[in-house]
Amino acid sequence: MDAANDLKRSHMTQLAEWRRRKYREPELRRLFLELTGRCNECCLHCGSSCGGVPSPEVPSEVLLRVLADVKERLGIENTQLCITGGEPLLRADFFDLMSRAAELGYRWGMTTNGTLVTPETARQLAECGMRTVAVSVDGLPATHDRFRRRPGSRAESVAGAVALAEQGSFKNVQIITVVHKWNIGELEELFEEFAALPIDSWRLTAIEPIGRALEHPELMLDPDDYRRLLSFVRDLRADGWPVTYGCCHYLGPELEREVRDAFFLCSAGIYTASIMANGDIGTCLDIERRPETICGNVYRDDFVDVWENRFGFLRRELAELDARCAACEERDFCAGGSWHSFDFDAGRQRVCLKGITF
């Protein structure tokens with residue numbers, strides 16, 4: 001194991017050098033479009049605190065103008081649109097907008113709660129160019145419905161995932177599960193159920209202290225929960241199952257590349273940008289929205305200029321903002337962790353797995 005860990009450290013050292021270069025030479029690979037803040041669920045963990053409330057929506061013509069400009073000036077050979085909300089299917093002109101984005105040459109995928117997906121919806125999604133989709137299922141029926149605060153939603157979500165898989169046109173139909181205190185004991189039963197479905201993969205990620213979840217500390221995982229979750233994922237992957245853990249945090253050399261395909265990298269500002277429902281331009285949509293992290297707005301600013309010149313606050317190691325990281329022997333590999341879980345007011349990282357997984 002020491003030899004394997006030494007090899008991982010060598011690779012992670014190269015990644016750290018590459019990451020620092022990318023702070024100076026960013027490459028737009030993932031462009032998130034938050035098509036609406038409206039949602040037909042009101043999930044306890046929602047990073048954007050979405051629900052059944054009115055929401056601004058950037059007009060399609062504005063978004064398409066930005067997409068055309070990005071294509072012309074940056075090229076889109078390596079760029080994927082990541083469509084999200086709220087629940088993106090609640091947007092009235094969704095299919096027209098995404099068909100036109102596909103006509104521009106964009107590859108795109110979507111995250112959805114799946115409750116609005118029928119076989120006919122799946123057919124329409126294929127026709128307008130969707131390639132990948134992640135459907136949220138957060139526990140067994142009673143747990144999921146309680147967590148998402150919508151009775152009956154779990155059955156609809158699973159039916160939506162199955163409809164997408166049976167449509168047969170998509171590169172990857174994935175179920176994504178946010179693991180929290182209420183469902184940590186349900187993982188084995190969920191695996192037995194999902195393994196029998198015609199989906200392509202299952203992604204698990206721990207609940208994060210962001211958005212609405214900050215109001216529910218009782219849902220957060222403790223160290224033993226993290227160890228159980230990560231061991232569960234590692235064991236399934238060792239058996240050849242298409243299961244992966246989210247990209248959220250550095251896990252240490254023992255677990256890096258064991259529970260997901262790539263080493264930890266917070267891609268905020270390096271690979272990732274977003275246009276929010278109100279037109280604001282930022283990076284990862286889960287990052288707290290505040291003056292430091294909102295870099296412009298598509299109604300008044302040139303998106304490409306913002307991407308190239310106004311992400312400076314985010315293009316550095318987060319460890320620079322947290323004094324506890326300065327002397328950490330893993331700093332080169334962790335770089336201070338993920339931007340989305342940083343407490344900007346306190347100047348500290350909310351999530352660090354040192355002492356838990358490494």
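Helices are taken as DSSP runs of H or I of at least four residues, numbered from the N terminus. On that basis, Thr121 is placed in helix α4. The structure described here is a predicted model. With a relative accessibility of 10%, Thr121 counts as buried, since the term applies under 20% relative accessible area. Beyond its neighbours within four places in sequence, Thr121 is in contact with Leu89, Phe95 and Leu116.

The strands form an open sheet of 10 members with mixed pairing, in the order β7-β6-β5-β4-β3-β2-β1-β8-β9-β10. The edges are formed by β7 (243-245) and β10 (296-297), each of which pairs on one side only. At the β7 edge, strand β6 (residues 201-206) pairs with β7 in the parallel sense over 3 bridges. Within this part of the sheet, Leu204 stands opposite Tyr245 of β7.

Further along the order, β3 and β4 run parallel and are joined by 5 bridges. Thr111 has Ala134 in β4 as its bridge partner. Strand β4, which spans residues 130-136, is mostly covered, with 5 of its 7 residues buried.

Strand β1 (residues 30-34) has parallel partners in both β2 and β8. The pairing of β1 with β2 extends over 5 bridges, and Arg30 stands opposite Gln80 in β2. The pairing of β1 with strand β8 (residues 272-275) comprises 4 bridges, and here Leu31 stands opposite Ala273 of β8.

The loop between β1 and α2 contains Asn40. This residue is partly exposed, with a relative accessible area of 22%. Although Asn40 and Gly51 are 11 residues apart in sequence, their C-alpha atoms are 6.2 Å apart in space. When neighbours within four places in sequence are left aside, the contacts of Asn40 are Glu87, Leu90, Asn113, Thr115, Leu116 and Arg150. Leu116 is thus a contact of Asn40 and also of Thr121 in the analysis above.

Helix α3 comprises residues 94-103, and its buried residues are Phe94, Leu97, Met98 and Ala101. These residues lie on the same side of α3, because they cover an arc of only 90° around the axis. In general, an α-helix has 3.6 residues a turn, so residues three or four places apart point the same way. The elements that cover the buried residues of α3 include two helices, α2 (60-74) and α4 (119-127), together with the strands β2 (80-84) and β3 (107-112). After α3 comes Gly105, which has a positive phi near 105°.

Ser60 belongs to helix α2. Ser60 is buried, with a relative accessible area of 7%. Apart from its neighbours within four places in sequence, Ser60 is in contact with Arg91, Asp93 and Leu97. Of these contacts, Leu97 is also one of the buried residues of α3.

Two helix pairs were examined for their packing. In one pair, α4 and helix α6 (residues 153-167) pack at an angle of about 50°, with their axes 9 Å apart. The two helices are therefore oblique to each other. Their crossing is right-handed. On the α4 side, the contact is made by Pro119, Ala122, Arg123, Leu125 and Ala126, and on the α6 side by Ala163, Leu164 and Gln167.

In the other pair, helix α7 (residues 187-195) packs against helix α8 (residues 223-238) at an angle of about 30°, with their axes 11 Å apart. Angles under 35 degrees count as roughly parallel, and α7 and α8 are therefore roughly parallel to each other. The crossing in which α7 passes α8 is right-handed. Leu187, Glu188 and Phe191 are the residues of α7 that meet α8, where their counterparts are Arg228, Leu229, Phe232 and Leu236.

Terms used
Residues are numbered from 1 along each chain as its sequence is written. This is a predicted model: local features need pLDDT of at least 70, side-chain atom pairs count only at pLDDT 80 or more; totals for chains, interfaces and linings use all residues. Side-chain values use heavy atoms; hydrogens and water are left out. Buried means under 20% relative accessible area, exposed over 50%, partly exposed in between (1.4 Å probe, protein chains only). The arc is that of the directions from the helix axis to the C-beta atoms. Contact means heavy atoms within 4.5 Å. Two strands pair if DSSP finds at least two bridges between them. Axes are lines fitted to C-alpha atoms, for helices over the stretch in contact, and angles run from 0 to 180 degrees between N-to-C directions. Angles under 35 degrees count as roughly parallel, over 145 as roughly antiparallel, 65 to 115 as roughly perpendicular and the rest as oblique. A crossing is left-handed if the near helix is turned anticlockwise from the far one by less than a right angle, and right-handed if clockwise.
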